[in-house]
Amino acid sequence: MFDSVIVVTDRRLLDKQLRENIKDFSEVKNIIAPAFKSSELKSALEQGKKIIITTIQKFPFIIGNYSPLSA
């Protein structure tokens with residue numbers, strides 16, 4: 001059992017396609033958290049959103065500010 005699923009890609013176009021496809025299959029509203037900015041990624045992780053969709057480029061900006069990811 002997982003608390004959250006993070007869908008990560010390295011391209012914005014693919015990120016958009018994944019976001020739309022997952023949203024189309026979702027039966028429950030407000031469980032998908034698209035992260036367009038690093039601050040939205042951090043917020044979605046802190047709030048425990050169920051499905052987070054983002055690009056890999058946002059992670060370096062939150063590592064120091066989000067304690068579970070801090071080294």
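# Chat on a predicted β-α-β-α-β-α model

Reader: Where does Thr9 sit?
Author: Thr9 belongs to strand E1, which covers residues 5–9. Keep in mind that this is a predicted model.

Reader: Buried or exposed, that Thr9?
Author: Thr9 counts as buried, because its relative accessibility is 8% and the cut-off for buried is under 20%.

Reader: What does Thr9 touch, skipping residues up to four places away in sequence?
Author: Thr9 touches Leu14, Asp15 and Leu18. Thr54, Thr55, Ile56 and Gln57 are also on its list.

Reader: And how far is Thr9 from Ile53?
Author: The C-alpha atoms of Thr9 and Ile53 are 8.3 Å apart in space. In sequence, 44 residues separate Thr9 and Ile53.

Reader: Step back a bit. How many helices and strands are there in the protein?
Author: The protein has three helices and three strands. Starting at the N terminus, the order is β-α-β-α-β-α.

Reader: Which way do E1 and E3 run, parallel or antiparallel?
Author: E1 and E3 run parallel, and five bridges join them. One pairing to look at is Val8, whose bridge partner in E3 is Thr54.

Reader: What about E2 and E3?
Author: Strand E2, residues 32–34, also runs parallel to E3. Three bridges join E2 to E3. Pro34 stands opposite Ile53 of E3.

Reader: Is E3 mostly covered or mostly open?
Author: Strand E3, residues 51–55, is mostly covered. Four of its five residues are buried.

Reader: Take Thr54 then. Why is it called buried?
Author: Thr54 has a relative accessible area of 0%, so it counts as buried. Thr54 is part of strand E3.

Reader: Which residues is Thr54 in contact with, leaving aside neighbours within four places?
Author: From E1, Thr54 contacts Ile6, Val7, Val8 and Thr9. Asp15, Ala35, Leu41 and Phe59 are on the list too.

Reader: Back to E1. What's Val5 doing?
Author: Val5 lies in E1, like Thr9. But Val5 is partly exposed, because its relative accessible area is 42%.

Reader: What is Val5 in contact with, again without neighbours within four places?
Author: Val5 is in contact with Lys50, Ile51 and Ile52. Lys49 is 8.4 Å from Val5, C-alpha to C-alpha. Those two are 44 residues apart in sequence.

Reader: Switch to the helices. Where is Lys23?
Author: Lys23 is in helix H1, which spans residues 12–25.

Reader: Buried or exposed?
Author: Lys23 counts as exposed, because its relative accessibility is 61% and the cut-off for exposed is over 50%. Its C-alpha is 9.9 Å from that of Ile51. Lys23 and Ile51 are 28 residues apart in sequence.

Reader: Another lysine: where is Lys58?
Author: Lys58 lies in the loop between E3 and helix H3, residues 59–62.

Reader: Is that lysine buried or exposed?
Author: Lys58 counts as buried, because its relative accessibility is 11%.

Reader: What is Lys58 in contact with, leaving aside its neighbours within four places?
Author: Ala35, Phe36, Lys37, Ser38 and Leu41. For Leu41, the C-alpha distance to Lys58 is 7.5 Å. The two are 17 residues apart in sequence.

Reader: Now the whole chain. Why does its radius of gyration agree with a compact globule?
Author: The protein has 12 Å, and a compact globule of 71 residues would have a value near 11 Å, so the two agree. The C-alpha trace spans about 35 × 25 × 20 Å along its principal axes.

Reader: How much of the protein counts as buried?
Author: Of its 71 residues, 27% count as buried. The protein exposes about 5,400 Å². Carbon and sulfur atoms supply 55% of that area.

Reader: And contacts between residues 24 or more positions apart? What do they account for?
Author: They account for 45% of the contacts with a separation of 6 or more.

Reader: Last one: charges. How many positive and negative?
Author: The protein has 11 positive and 8 negative charges. Their mean positions are 5 Å apart.

Terms used
Residues numbered from 1 in each chain as written. Predicted model: local features only at pLDDT ≥ 70, side-chain atom pairs only at ≥ 80, totals over all residues. Heavy atoms only, no water. Helix = DSSP H or I, 4+ residues; strand = E, 2+ residues; numbered from the N terminus. Buried < 20%, exposed > 50% of the residue type's maximum accessible area, 1.4 Å probe, protein only. Contact = heavy atoms within 4.5 Å. Rg over C-alpha atoms; globule rule 2.2 N^0.38 Å. Areas by Shrake-Rupley, 256 points an atom, 1.4 Å probe, with all protein chains shown as cover. Lys, Arg positive; Asp, Glu negative; His and termini not counted. Charge placed at Lys NZ, Arg CZ, Asp CG, Glu CD. Pairing = 2+ DSSP bridges.
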